[in-house]
Amino acid sequence: MLFFRKIEKFLRRQGTPMVNFTFKVGELFVFIAQSIYNCFTPPFYGRNLWRQVMDMGFYSLPVVGLTTIFAGMVIALQSYSGFATVGAESMVASVVLISVTRELAPVLSALMVAGRIGAAMAAEIGTMRVTEQIDALTTLSTNPFKYLVAPRMWAGLIVMPILVLIGDVIGIFGGYVVGVYKLGFNASNYINATLNDLEALDITTGVVKAAVFGFIISLMGCYNGYKSKGGAQGVGTATTNAVVSSSILILIFNYIVTELFFSR
Amino acid sequence: MAETKIKLTNVYKSFGKKTVLRGVNLDIKKGESLVVIGGSGTGKSVLIKCIQGLLTPEEGSILVDDQEVVGIEENDKERLHSKMGMLFQGGALFDSLSVWENVAFDLLENKGYNKKNAKSEAIRVLRSVGLDPEVADLSPAELSGGMQKRVGLARAIISKPEVIFFDEPTTGLDPIMADVINDLIVESVKGLGATALTITHDMASARKIADKVAMLYKGEIIWQGTVKEMDETENPYVVQFINGKSQGPIKTGV
């Protein structure tokens, strides 16, 4: 009897968290549906979109550039030390190319942008929520989803692939610098090896991943900001949640997209 | 007899287990200025948000110009808001925009004004609330509390709304600035011939702005009347509230 009581007590205790979890998941899916609907229905706020593109794209270039160049350099060093033991040093250019375009540029760029922009989105929208600016938008006959969320979603989808393409070039250049100036590869041989191994699929994978990651960063930034409650503490929590949830989702979807492209 | 502009019938609103509005009934005539008084946490802000469609009541009906607000469609809500203006307690000015862009927001985004015309109209309205044109290009963060309230008022009236809501318009202001804001509210409302709903616990403000006063207590309208009737009433709740006495039927947790 006591045993069943304990089981009953345990199950009862799981009830509230389960209800809260289900509510949160439902709320997120409703938010996603509203965001997508409002991305495709007028009015469109071009000035807001331009501001987001500049913030997310142009001003993130130094961060993405630094991240990918050092990632490319490290991969060149690491792969050389590994391949040298089996006499396959010539594979370094190919490994740098594949690692950077398929994985490092999209994932590292996305994680950096999530920290820089996802947090800023959540903080800005969260502050607007707690200071009643979102209510003010509504009373001024302006749909907050169209004015705040849709431009950020579009910016994420447009900007991340461009950032990753730039990151690809910089990352490969990083590998080239280490390969040629430190490891002593012939410059034209290195470039030829890179170009010969370059496949459309490498670039496509990275670009598709970048678009997915851009969507995730904007979605988590907007969602956490929009639903923030309380004062400064609520905004702080929203900002942390935006970065943590988008980082985890980026890694999960990195696997899912890779699986879609490369599973046989 | 003036026609009814806003009508609330048996409105209930809860947050979780806490019921904030318990069957509110209210009638606001066209061109009338109604002030809802009541202590903190009695549901005044929730009442305004329900009328604007920002919150949805569980029960009851809210009619604005005979149009039902409860369960209103998004497009209809935008049309409804186009005839409303709102002065928020904290101003709720957009940080990312300059003062004139805040004031002219509705003109720029919804009324198709170009920047030049919108700015000159914003400066005209800023002047009417006692602000110099030099303020127009500043950011809201550079303004004092009183100036932010004036900018908020300018934003609320620029589109000549039929209904204006004032949420604690004098909170956080010194008595002189509060009186200036009260005068501006009266001027703006009478000048536009608008219907006004103000929520406040500042009795000086209520006396100056109100044609009619209603008292909200524990989510219910417990008394309504003119300012003169308010001063003469023997309703113990109203008497305690307007005289600011700690002794009486209204109990506050300390």
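Below are worked exercises on a predicted two-part model, chain A and chain B.

Residues count from 1 along each chain as its sequence is written, while chains are lettered from A and ligands numbered from 1 in the order written. Local features need pLDDT of at least 70 and side-chain atom pairs count only at pLDDT 80 or more, while totals for chains, interfaces and linings use all residues.

**Exercise 1. Confidence in chain A**

Task: Find the mean pLDDT of chain A, and state which elements have the lowest and highest means.

Solution. Start with the scale: pLDDT is the predictor's confidence in each residue, from 0 to 100. Chain A averages 94, and 100% of its residues score at least 70. Next, go element by element. Helix 1 (residues 2-40) of chain A has the lowest mean, 91. Helix 6 (residues 144-182) of chain A has the highest, 97.

**Exercise 2. The build of chain A**

Task: Describe the secondary structure, extent and burial of chain A.

Solution. Helices (H or I, at least four residues) and strands (E, at least two) are DSSP runs, numbered from the N terminus. Chain A has nine helices and zero strands. The C-alpha trace of chain A spans about 65 × 65 × 35 Å along its principal axes.

Now burial. A residue is buried if 20 or more other C-beta atoms lie within 10 Å of its own, exposed if 12 or fewer, and partly exposed in between; the C-beta atoms are placed from the backbone. Of the 264 residues in chain A, 45% are buried.

Last, contacts. Two residues are in contact if their C-beta atoms, placed from the backbone, lie within 7 Å. Among contacts in chain A with a separation of 6 or more, 88% join residues 24 or more positions apart.

**Exercise 3. Domains and the chain contact**

Task: Locate the domains of chain A, then describe their contact and the contact with chain B.

Solution. Domain bounds come from an automatic or database domain assignment. For chain A this gives domain 1 (1-38) and domain 2 (46-262). Their centres, taken over C-alpha atoms, are 32 Å apart. Six residues of domain 1 of chain A and nine of domain 2 of chain A take part in the contact.

Sort the residues by class. Ala, Val, Leu, Ile, Met, Phe, Trp, Tyr, Cys and Pro count as nonpolar, Asp, Glu, Lys and Arg as charged, and the others, Gly among them, as polar. The domain 1 side has three nonpolar, three polar and no charged residues.

Turn to the chain contact. It takes eleven residues from chain A and 16 residues from chain B. The chain A side holds two nonpolar, seven polar and two charged residues.

**Exercise 4. One residue**

Task: Why does Asn189(A) count as partly exposed?

Solution. Place the residue: Asn189(A) lies in helix 7 (residues 187-197) of chain A. Asn189(A) is partly exposed because it has 13 C-beta neighbours inside 10 Å. The C-alpha atoms of Asn189(A) and Ser90(A) are separated by 9.2 Å, though the two are 99 residues apart along the chain.

**Exercise 5. The six-stranded sheet of chain B**

Task: Trace the open sheet of six strands in chain B.

Solution. Two strands pair if DSSP finds at least two bridges between them. The strand order is 6-7-8-3-9-10, with mixed pairing. Strand 6 (84-87) and strand 10 (220-225) of chain B are the edges, each pairing on one side only.

Begin at strand 6 of chain B. It runs parallel to strand 7 (residues 163-167) of chain B over four bridges. Met86(B) has Phe165(B) as its bridge partner, and Leu87(B) stands opposite Phe166(B). Met84(B) and Met86(B) point one way from strand 6 of chain B, Gly85(B) and Leu87(B) the other, and all are buried.

Move across. Strand 3 and strand 9 of chain B pair in the parallel sense over four bridges. Leu34(B) stands opposite Lys212(B) there.

Finish at the other edge. Five bridges join strand 9 of chain B to strand 10 of chain B, which run antiparallel. These strands form a hairpin with two residues between them, and Lys218(B) in the turn has a positive phi of about 50°.

**Exercise 6. The first hairpin**

Task: How many bridges join strand 1 and strand 2 of chain B?

Solution. Strand 1 (residues 4-15) and strand 2 (residues 18-29) of chain B pair in the antiparallel sense over nine bridges. Ser14(B) stands opposite Thr19(B). Two residues lie between the strands, and Gly16(B) takes a positive phi near 65°.
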